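Colleague: Could you take me through one part of this model up close, the salt bridges, and then work outwards from there? I'd like one connected account rather than a list.

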Amino acid sequence: MKKIILSIFIASWVGFTATAQTQLFIDPEFSKHGHQHQILAVIPFKTSITLRPKQMAGLKEGQLENMEQNESLNIQQSMYSWFLKRKQAGDMWVNIQDVSTTNALLAKKDVTYENIEEFTPVEIAEILEVDAIIKGTFDTNKPMSDGASMALGLVVGFYGSTNLATINMFVHDAKDGKVLVNYYKGVAGSVGSSTDQLINKVMRKASRRIPYTKPKE
């Protein structure tokens, strides 16, 4: 019995460690680019929700895609809010474009969630008239938004399932599209249905290391 419990503990610990890893890349020449920036924009993150077969069987056609797009907008809004709070607190020296402005400008140029990957970071930045864009991917086995959680709550095996989520964020310079920052973070555990909680958990340590959120050198 003790061996079984120990095996379960080790397996759980290994799984948590694998998903909780953190990787941060900052361009060595960030000061040449980033210190000239005045405004950033967060664009919708490409989102993937991986469900179990029983959960998938309970969904209607197109429902998963709709959940992924809604989750993408939630991540975008929460990421914007995270940066905005640091700006308001005096912990960030660049401005962040309001997401309603960002999405309206993208829509005017027929840039959608489905085709946004067809545009380069330079093209997106030009449309938004910003100095850098924040983009990335978000992968999870359980949607964070309340609406999606309620919908999947009717599917066998969803309630009580453990959240596994990874976010891979990139900051691209508007002039040449160069990656100035790449931040990868995985989290595991009971994150809850709040996207804001997820972003706060993911970005907590990043706030001390991402150049925009510390004094200029």
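Modeller: Sure, and keep in mind that this is a predicted model. Let's start with D27, which pairs with K178 in a salt bridge whose closest N and O atoms are 3.2 Å apart. The two partners come from distant parts of the chain: D27 is in the loop between strand 1 (22-26) and helix 2 (30-33), whereas K178 is in the loop between strand 6 and strand 7, and 151 residues separate them. On the burial side, D27 counts as buried because its relative accessibility is 7%, under the 20% cut-off. K178, with a relative accessible area of 27%, is partly exposed.

K178 has another acidic partner, E29, and here the closest N and O atoms are 3.8 Å apart. E29 is in the loop between strand 1 and helix 2, and K178 in the loop between strand 6 and strand 7, so this bridge ties together parts that are 149 residues apart in sequence. E29 has 36% relative accessibility and therefore counts as partly exposed.

Then there's a bridge elsewhere, between the side chains of K135 and E117, at 3.7 Å from N to O. K135 belongs to strand 5 and E117 to the loop between helix 5 (99-108) and helix 6 (121-128), so the parts tied together are 18 residues apart in sequence. The lysine is the buried partner here: K135 has a relative accessible area of 14%, whereas E117 is partly exposed at 46% relative accessibility. Back with the D27 group, salt bridges that share partners join D27, E29, K32 and K178 into one network. Searching the whole structure turns up four salt bridges.

From that network you can step along helix 2 to the aromatics. The whole structure has three aromatic pairs. One of them is F30 with Y212, edge-to-face, with 5.2 Å centre to centre and 75° between the planes. F30 is in helix 2 and Y212 in the segment after helix 8, so this pair ties together parts that are 182 residues apart in sequence. F30 and Y212 are both buried. Another of the pairs is W82 with F83, also edge-to-face, at 4.9 Å centre to centre and 90° between the planes. Both W82 and F83 are buried. W93 joins F30 and Y212 in one aromatic cluster.

Y212 is worth a longer stop. Leaving out residues up to four places away in sequence, Y212 touches F30, G34, H37, L40, D91, M92, W93, V94, A132, V171 and L180. Y212 is also one of the residues with the most contacts inside the largest nonpolar core, alongside M79, I134 and M203, and that core has 32 residues. At least two residues of this core come from each of strand 2 (39-42), helix 4 (63-88), strand 5 (132-140), strand 6 (163-173), strand 7 (179-189) and helix 8 (195-203). Helix 4 gives the largest share, five residues. A second core is separate from this one and has 12 residues, including L106, A125, I127 and I133.

Two members of that second core, A125 and I127, bring us to helix 6. The buried residues of helix 6 are P121, I124, A125, I127 and L128. They sit on the same side of helix 6 because they cover an arc of only 160° around the axis.

If you're checking backbone torsions, look just after helix 6, where E129 takes a positive phi of about 60°. E129 isn't a glycine, and its place is the loop between helix 6 and strand 5. With a relative accessible area of 69%, E129 is exposed. D110 is another non-glycine with a positive phi of about 60°, this time in the loop between helix 5 and helix 6. D110 is exposed too, with a relative accessible area of 58%.

One last contact for your list involves a charge and a ring: the charged end of K46 sits over the ring of Y113, 3.8 Å from the ring centre.

Methods. Residues are numbered from 1 along each chain as its sequence is written. This is a predicted model: local features need pLDDT of at least 70, side-chain atom pairs count only at pLDDT 80 or more; totals for chains, interfaces and linings use all residues. Side-chain values use heavy atoms; hydrogens and water are left out. A nonpolar core is a set of buried Ala, Val, Leu, Ile, Met, Phe, Trp, Tyr and Cys residues joined through side-chain atoms within 4.5 Å. Buried means under 20% relative accessible area, exposed over 50%, partly exposed in between (1.4 Å probe, protein chains only). Helices (H or I, at least four residues) and strands (E, at least two) are DSSP runs, numbered from the N terminus. Contact means heavy atoms within 4.5 Å. The arc is that of the directions from the helix axis to the C-beta atoms. Rings of Phe, Tyr and Trp (its six-membered ring) pair if their centres lie within 6.5 Å; planes under 30 degrees apart count as stacked, over 60 as edge-to-face and the rest as tilted. A charge sits over a ring if NZ of Lys or CZ of Arg is within 6 Å of the ring centre and within 35 degrees of the ring normal.
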